[in-house]
Amino acid sequence: MNENENPQEELNQEQPNTENNPDVENAEKIINEAAAEAEKEQDEKPEKEKDGKKKKEKPQDKIQEMGEKLAEMNDKYVRLYSEFENYRKRTSAEKADLILNGGKDVIKAILPIVDDMERALQNTQDEAAREGLQLIFNKLMTTLQQKGLKPIECKGEKFDENIHDAVMQMPAADETQKNIIMDVVEKGYYLNDKVLRHPKVVVAI
């Protein structure tokens with residue numbers, strides 16, 4: 001061992017010099033920043049928990065909110081069901097009326113032919129021809145009656161402007177004949193209890 005060598009100096013030479021070392025300074029800076037961030041989070045955590053407790057809804061409030069939503073949905077359901085029932089009844093009535101009076105226009109177009117056949121029966125002199133014509137007329141009327149056609153019997157009845165069509169007026173013989181139908185110029189008909197053709201009548205006034 002060299003007498004001039006000093007063990008303490010050798011120890012000092014082996015230890016690294018941390019003064020003015022950039023790596024060491026950066027490490028210390030990172031550690032200090034991490035510690036400050038952790039401390040900040042610890043300080044903010046109670047505030048966040050406190051805010052969370054404030055925002056937490058009470059069970060009673062949640063139940064009330066759900067009840068209001070349920071009442072609103074029930075009201076919408078009742079309204080929708082009511083509208084559907086009205087629509088169903090309306091369409092059913094229209095369908096029934098269409099089935100019942102589907103041949104209205106055709107039957108109305110046949111009525112002038114019925115009138116002609118009645119006049120022909122009244123004016124035919126030949127007995128055999130009249131009998132044949134009567135058979136055809138009866139068959140036609142039976143078919144029309146099965147479809148809901150019915151004549152309006154109005155001679156001697158009181159005049160009703162909703163049913164009868166007054167085409168002529170005549171003086172009444174006495175007070176009892178006033179506003180009474182004295183004659184029928186053109187016969188009227190019902191189709192399923194609705195006026196298909198208004199009878200044209202002569203009224204006493």
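D115 is a buried residue, with a relative accessible area of 10%. The cut-off for buried is under 20%, so D115 falls inside that class. The model that shows this is a predicted one. D115 is part of helix 4, and its side chain makes a polar contact of 3.0 Å with the side chain of R197. Once neighbours within four places in sequence are set aside, the contacts of D115 are E186 and R197.

From this residue we can step back to the whole chain. The protein chain contains five helices and six strands. Along the sequence they follow the pattern α-α-α-α-α-β-β-β-β-β-β. The chain has 205 residues, and 15% of them count as buried. Its exposed area is about 17000 Å², of which carbon and sulfur atoms supply 52%. Contacts also link distant parts of the sequence: among those between residues at least 6 apart, 63% join residues at least 24 apart.

Helix 4 covers residues 104-123. After it comes a loop that leads to helix 5, and T124 lies in this loop. The side chain of T124 reaches back to the backbone oxygen of A120, at 2.5 Å. T124 is also in contact with A129, R130 and L133, leaving aside its neighbours within four places in sequence. At the start of helix 5, D126 places a side-chain oxygen within 3.0 Å of the backbone nitrogen of A128.

Helix 5 itself runs over residues 127-146. How far apart should its ends be? At 1.5 Å a residue, the 20 residues should span 28 Å, and the end C-alpha atoms are indeed 28 Å apart, so the two values agree. The buried residues of helix 5 are F137, M141 and L144. They cover an arc of only 55 degrees around the axis, which means that they sit on the same side of the helix. The face turned away from this buried side carries the exposed residues A128, L135, I136, K139 and Q146. The buried residues of helix 5 have cover that includes helix 4, strand 1 (149-152) and strand 4 (188-191). Just after the helix, G148 has a positive phi of about 105 degrees.

The buried residues of helix 5 lead to the interior of the model. The largest nonpolar core has 12 residues: I107, L111, V114, M117, L121, F137, M141, L144, L149, Y189, L191 and L196. Helix 4, helix 5 and strand 4 each supply at least two residues of this core. Helix 4 gives the largest share, five residues. Apart from this core lies another, of five residues, among them C154, I181, V201 and V203.

Y189, a member of the largest core, touches residues in several parts of the sequence. Not counting residues up to four places away, these include L111, V114 and E118, then M141, then L149, K150, P151 and I152, and also K194, V195, L196 and R197.

The loops between strands hold some further details. Most residues other than glycine have a negative phi. Which residues here have a positive phi without being glycine? One of them is N179, with a phi near 65 degrees, and another is N192, with a phi of about 55 degrees. N179 lies in the loop between strand 2 (165-170) and strand 3 (181-186). N192 lies in the loop between strand 4 and strand 5 (194-197). Is N192 buried or partly exposed? Its relative accessibility is 21%, and therefore N192 counts as partly exposed. N179 also counts as partly exposed, because its relative accessibility is 33%.

The loop between strand 2 and strand 3 also holds T176. T176 has a relative accessibility of 63% and so counts as exposed. The side chains of T176 and D174 are joined by a polar contact of 2.2 Å. T176 and A204 are 28 residues apart along the chain, and their C-alpha atoms are separated by 9.8 Å.

Definitions and conventions
Residues numbered from 1 in each chain as written. Predicted model: local features only at pLDDT ≥ 70, side-chain atom pairs only at ≥ 80, totals over all residues. Heavy atoms only, no water. Helix = DSSP H or I, 4+ residues; strand = E, 2+ residues; numbered from the N terminus. Buried < 20%, exposed > 50% of the residue type's maximum accessible area, 1.4 Å probe, protein only. Contact = heavy atoms within 4.5 Å. Areas by Shrake-Rupley, 256 points an atom, 1.4 Å probe, with all protein chains shown as cover. Expected span 1.5 Å × (residues − 1). Arc of directions from axis to C-beta. Polar contact = N/O pair within 3.5 Å; in protein donor to acceptor, adjacent residues only side chain to side chain. Core = buried A, V, L, I, M, F, W, Y, C linked by side-chain atoms within 4.5 Å.
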